[in-house]
Amino acid sequence: MSTHAADPLAALAALPGVPDAVDSVRKAVDRVYGHRVMRRRSNEISSEAALRGARASAALSGADWALEEVRRRTDFSADAEARTVGAALRLGVEVGQLLSIWRQSPLRVLARLHLVAAGDDADSVGRPRQVGEAVDEPLIEAPLPDAAEVAARLDGLAGLIVAGSSAPALVTASVVHGELLALRPFTSYSGLVARAAERLVLIGSGLDPKAICPAEVGHAELGRAAYAAAFDGYLSGTPEGMAQWITHCGRAVELGVRESTAVCEALQRGAA
């Protein structure tokens, strides 16, 4: 992603198709926030959105468990899939604790997210990977940037976040998500961290302040193949490819909204 323009994120917001995606997401979010159940039971909707978002993010990383299995389990240490689900659940809880730090110190937040996801104190945890360290990241098969490029691009991304932008939340969240997927900056769980960071931006920007619109659900619903194909657009760096990725992320948010709307309606009927 080029960072030469004064506000490169705002330039992306003007790409063909992106303004329509931004408008569609805003209208969808406004509708679910206007649901009558949100006035009384928004905390329940937020908790359920976090659970469903975690389940979906884990699915994209190869641990595709049924929602009720995630809800039922208490031990997430048995095997690699269980550890992935546990990592996603911990991230879902942690995101809300880091909002106040993100705009001032995004790299510190990313390190914290990896520490929480990994759940151990190995030397490689909570810092960008170093030369020669292997990367375990299911689904993403793109060429892996070397450690020096990772460090430089993380600094560039942090600079964009700290500087701020006039770009809509969807654009910023999509770029944060895409850049972290491209870099895979950690030895493990970079995909989970990338999706958690996308959610953090959507919440912290004020688009989804109550955290009830889990984009991860939409990404999973659209499917791993579509996710990878849209990500290829991001990697291309072309205007068309970037617009493809941003609009894909927008559709994912809308599907997350649909999920939470269904939860609202179930609560209204007394069925949940």
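**Figure legends: an all-helical succession and the setting of Ser42**

From the N terminus on, the elements of the protein run α-α-α-α-α-α-α-α-α-α-α-α-α. The structure shown is a predicted model.

**View 1. Secondary structure of the protein comprises 13 helices and zero strands.** One of these elements is helix H3, which spans residues 38–60. Helix H3 contains Ser42, the residue examined in the next view.

**View 2. Ser42 lies in helix H3.** The relative accessibility of Ser42 is 13%, and Ser42 is therefore classed as buried, the cut-off being under 20%. When residues up to four places away in sequence are set aside, Ser42 still touches Lys210 and Ile212. The side of the list with lower numbering is not empty, since Val37 is also touched by Ser42.

**View 3. Overall dimensions of the protein agree with those of a compact globule.** For 272 residues, such a globule would have a radius of gyration near 19 Å, and the protein has 18 Å. Along the principal axes, the C-alpha atoms fill a box of roughly 55 × 45 × 35 Å.

**View 4. Burial and contacts within the protein.** Of the 272 residues, 53% are buried. Contacts between residues at least 6 apart in sequence join, in 71% of cases, residues at least 24 apart.

**View 5. Surface and charges of the protein.** The accessible surface amounts to about 11800 Å², and carbon and sulfur atoms account for 51% of that area. The protein carries 28 positive and 33 negative charges, and the mean positions of the two sets are 8 Å apart.

How values were computed
Residues are numbered from 1 along each chain as its sequence is written. This is a predicted model: local features need pLDDT of at least 70, side-chain atom pairs count only at pLDDT 80 or more; totals for chains, interfaces and linings use all residues. Side-chain values use heavy atoms; hydrogens and water are left out. Helices (H or I, at least four residues) and strands (E, at least two) are DSSP runs, numbered from the N terminus. Buried means under 20% relative accessible area, exposed over 50%, partly exposed in between (1.4 Å probe, protein chains only). Contact means heavy atoms within 4.5 Å. The radius of gyration is taken over C-alpha atoms; the globule rule is 2.2 Å times the number of residues to the power 0.38. Accessible areas come from the Shrake-Rupley method with a 1.4 Å probe; for residues, only the protein chains shown count as cover. Lys and Arg count as positive and Asp and Glu as negative; His and the chain ends are not counted. The place of a charge is taken as NZ of Lys, CZ of Arg, CG of Asp or CD of Glu.
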